[in-house]
Amino acid sequence: DWNKRIEYKPGSGSIPLFPSIHLETCDGPVSSIHTTIELQTDYIGKGCDRETYSEKSLQKLCGASSGAIDLLPSPSATTNWTAGLLMDNNDMIFKFDGKQGAKIPDGIVPKNLTDQFTITLWMKHGPSPGLRAEKETILCNSDKTEMNRHHYALYVHNCRLVFLLRKDFDQADTFRPAEFHWKLDQICDKEWHYYVVNVEFPVVTLYMDGTTYEPYLVTNDWPIHPSHIAMQLTVGACWQGGEVTKPRFAQYFHGSLASLTIRPGKIESQKVISCLQACKEGLDINSLESLGQGIKYHFNPSQSVLVMEADDIENINQALRKVSYINSRQFPTAGVRRLKVSSKVQCFGEDVCISIPDIDAYVMVFQANEPKITISGMDHFARPAEQFQRGVILLPDIRIVSTVIKMEHPVDSKEHDRANKPVVLEEMLHNLDFCDILVIGAELDPEQECLELDHVELQGKHLDATNSTAGYSIYGVDTMHNYEQVLRQVRYRNWYTSATFDRKFRVKCSELNGRYTSNEFNLEVNILHSSNSNFMDHVSHMIVEPQFLQSVHHPEGSISAVHSSVVPSVATIVIVICVSILIFIITLGVYRIRTAHQHSSGDNEGSKENEMDWDDSALTITVNPMEKYEKPHQTEEESEEEDIDDEEEDTTSAESDESEEEDEEEEEEEEVIVQKADKQNATRQEQL
């Protein structure tokens, strides 16, 4: 009564593999039963489902000592020495095909590692070709030029792991241990294994998959003679600086490496090493207390193999029903895990009496719902320049929320019903492994601005931080709440704000070393300078040209000069604006008056031509020649008033058509009389 396929949903905890299994021997008496359950996960990740965080984040999570230097980081602008190496689908795994190596830049690793240091790595390696194969270098520190001395190295030779450490004469002047050899089958089994080399000179200890191994051979050597030759640290091959016409790589490595780190000055504890290589999936037994005394069981270190032995069939049946599969990862690697159950039965007085066929089954681990990580908060603000000199908090109200999409109906429902499924967004709590605050645009000028964080905020958390001119990076496996608390304390300082008006930043967070990433949250910060604060109180800054604003921004030492230069500029602008408005109003008024005058003159001329064709020969006007001549502009004003009266009477002429015609005739007659009188006055004036 066992199923070939066992389904596992992420977050299910421990589920029994064979809840109804039992052994039937057709009532044949047995003396003992020996059963082995094996979970095969060699093809998953580095031998099993482990956390895929970066090595630095994992070491912080496991409580490792700080100061580890990653020698095989993911390629970036600052870690470009791995850019030319072959990488697996996962960026954290590097493949070496015997044709390439990597030079570690000077200054990454200190020259003096002291008498205590640790080297850690994941390695997958197969048998070396040939009977006497060449050394395959994992890590090597040798002379850069002139000579070919190896100061320390870790390499594989004929399926043996060898660590070389040559002391300098100034450190020791006697015969000392120099080479440490370990012979292990796992070195050439083409499987992933975790190696830790703890150096407490003259004692060197190897941990493989959490188990301690002492070297089977230690050879002594004299210290290296002192010299001023520079050294070259390499990975995947050893640099041969001497004894050849041209320095080159030699002793190439064949295999895969990952998470290669070196930690000067400290060694790791057994507890930390076990945590770093621990599998997150394996076999388990529910309620060990209920197994009974008749059952003997044993797990291997990775809990992928369980061996059980009992004298009674019923006891072994109950024990097998309690065997379960567990995966503690929140986002496990989806896929198949094969299971194999093999049993041997002994009868009384016989070695083997019954042959029991093996059980082949598999666990199907489903894909976890992909989380959507959202960063929100205030994306724009402005502060006075004085506040930036003290430091302004960039993200005072940042929020990080993760949601997953869940369907209310089962997935295997009919196809046409899927479109009608209600989608439910459910908030999810999980860890993050880094958040970066990146500077958009020009990098920070370290002489006048910086991002800063009080490292007291990191205490009590699995977090660490690095700072550069490109931004601020906070990393470590911790909760979203702790990341929020730390991000809310990051400050931006600018102690020479005269040339800076704004800064733009971008925040992005990640889970599982970039497997799940958040949205890109953009923030813009504006710097308000104190020199133009009075101006902003009275005049809107929108009407001022950028050149004016730039001329206002000066250091604090010239504030008085700034005020004296600002006032004339403001007065000039106000005067120009007022004069422009006045000219516009005058022009508009003249235009409207001329338009009205031309319109009334045209009407009068049309009326004279059509209606006022009468004989004025009998008309005589006598003017006293001794009368003072009146100024012509008075007549013009009278004519203008009559024109205005004409316009007013035209607007009120809708009362009756007859009265309108009569008024127009009378006004035209009067206007003609006045015009003739003006003409005669002009003639009389000339005569006088």
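Buried, as the word is used in these legends, means under 20% relative accessible area, whereas exposed means over 50% and partly exposed covers what lies in between. The views are taken from a predicted model.

**View A. The disulfide between Cys 62 and Cys 275, which links distant parts of the chain.**
At 13% relative accessibility, Cys 62 falls under the 20% limit and therefore counts as buried, whereas Cys 275, at 36% relative accessibility, counts as partly exposed. The two residues form a disulfide in which the sulfur atoms are 2.0 Å apart, and the torsion about the S-S bond is about -70°, so the disulfide is left-handed. Cys 62 is placed in the loop between helix 1 and strand 4 (69-70), while Cys 275 belongs to helix 2, and the two positions are 213 residues apart. The structure holds 5 disulfides, and the pair of Cys 62 and Cys 275 is one of them.

**View B. Helix 2 and the elements that its buried residues pack against.**
Helix 2 spans residues 270-277, and within it Val 272, Ile 273, Leu 276 and Gln 277 are buried. Seen down the axis of helix 2, these buried residues fall within an arc of 120°, so they line one face of the helix. The buried residues of helix 2 pack against helix 1 (55-61) and also against three strands, namely strand 8 (116-124), strand 13 (192-200) and strand 14 (203-208). Cys 275, the helix 2 partner of Cys 62 in the disulfide of View A, is partly exposed because its relative accessibility is 36%.

**View C. The disulfide between Cys 159 and Cys 188, which ties two loops together.**
The sulfur atoms of Cys 159 and Cys 188 are 2.0 Å apart, and the two residues form a disulfide. The torsion about their S-S bond is about -115°, so this disulfide is left-handed. Cys 159 lies in the loop between strand 10 (150-157) and strand 11 (160-165), and Cys 188 lies in the loop between strand 12 (176-183) and strand 13, so the pair joins parts that are 29 residues apart in sequence. With 24% relative accessibility, Cys 159 counts as partly exposed, whereas Cys 188, with 13%, counts as buried.

**View D. The disulfide between Cys 435 and Cys 509, whose two cysteines lie in strands.**
Here the sulfur atoms of Cys 435 and Cys 509 are 1.9 Å apart, and the two residues form a disulfide. The torsion about the S-S bond is about 110°, so the disulfide is right-handed. Cys 435 lies in strand 33 (residues 431-440) and Cys 509 in strand 38 (residues 502-511), so the pair ties together parts that are 74 residues apart in sequence. Cys 435 counts as buried because its relative accessibility is 0%, and Cys 509 likewise counts as buried at 0% relative accessibility.

**View E. The salt bridge between Arg 263 and Glu 268.**
Side chains of opposite charge can pair when their charged atoms come close. In the pair shown, the closest N and O atoms of Arg 263 and Glu 268 are 2.5 Å apart. Arg 263 is buried, with a relative accessible area of 1%, and Glu 268 also counts as buried, at 6% relative accessibility. The count for the structure comes to 14 salt bridges.

**View F. Two further salt bridges, one between Glu 7 and Arg 5 and one between Glu 484 and Arg 488.**
The side chains of Glu 7 and Arg 5 meet with an N to O distance of 3.2 Å; Glu 7 counts as partly exposed at 45% relative accessibility, and Arg 5 counts as partly exposed at 37%. The side chains of Glu 484 and Arg 488 meet at 3.6 Å, N to O. In this second pair Glu 484 counts as buried at 5% relative accessibility, whereas Arg 488 counts as partly exposed at 25%.

**View G. A network of salt bridges that includes Asp 49 and Arg 337.**
The residues linked in this network are Asp 49, Glu 51, Glu 281, Arg 329 and Arg 337.

**View H. The span of residues 570-591, annotated in UniProt as a transmembrane region.**
The annotation comes from an unreviewed UniProt entry, which places the feature "transmembrane region" at residues 570-591. In the model this span is 100% helix and 0% strand, and its end C-alpha atoms lie 32 Å apart. Cys 578 counts as partly exposed, at 46% relative accessibility.

Key. Residues numbered from 1 in each chain as written. Predicted model: local features only at pLDDT ≥ 70, side-chain atom pairs only at ≥ 80, totals over all residues. Heavy atoms only, no water. Buried < 20%, exposed > 50% of the residue type's maximum accessible area, 1.4 Å probe, protein only. Helix = DSSP H or I, 4+ residues; strand = E, 2+ residues; numbered from the N terminus. Arc of directions from axis to C-beta. Contact = heavy atoms within 4.5 Å. UniProt positions renumbered as here; feature names shortened; annotations may be inferred. Disulfide = S-S within 2.5 Å. Salt bridge = Lys/Arg side-chain N within 4 Å of Asp/Glu carboxyl O.
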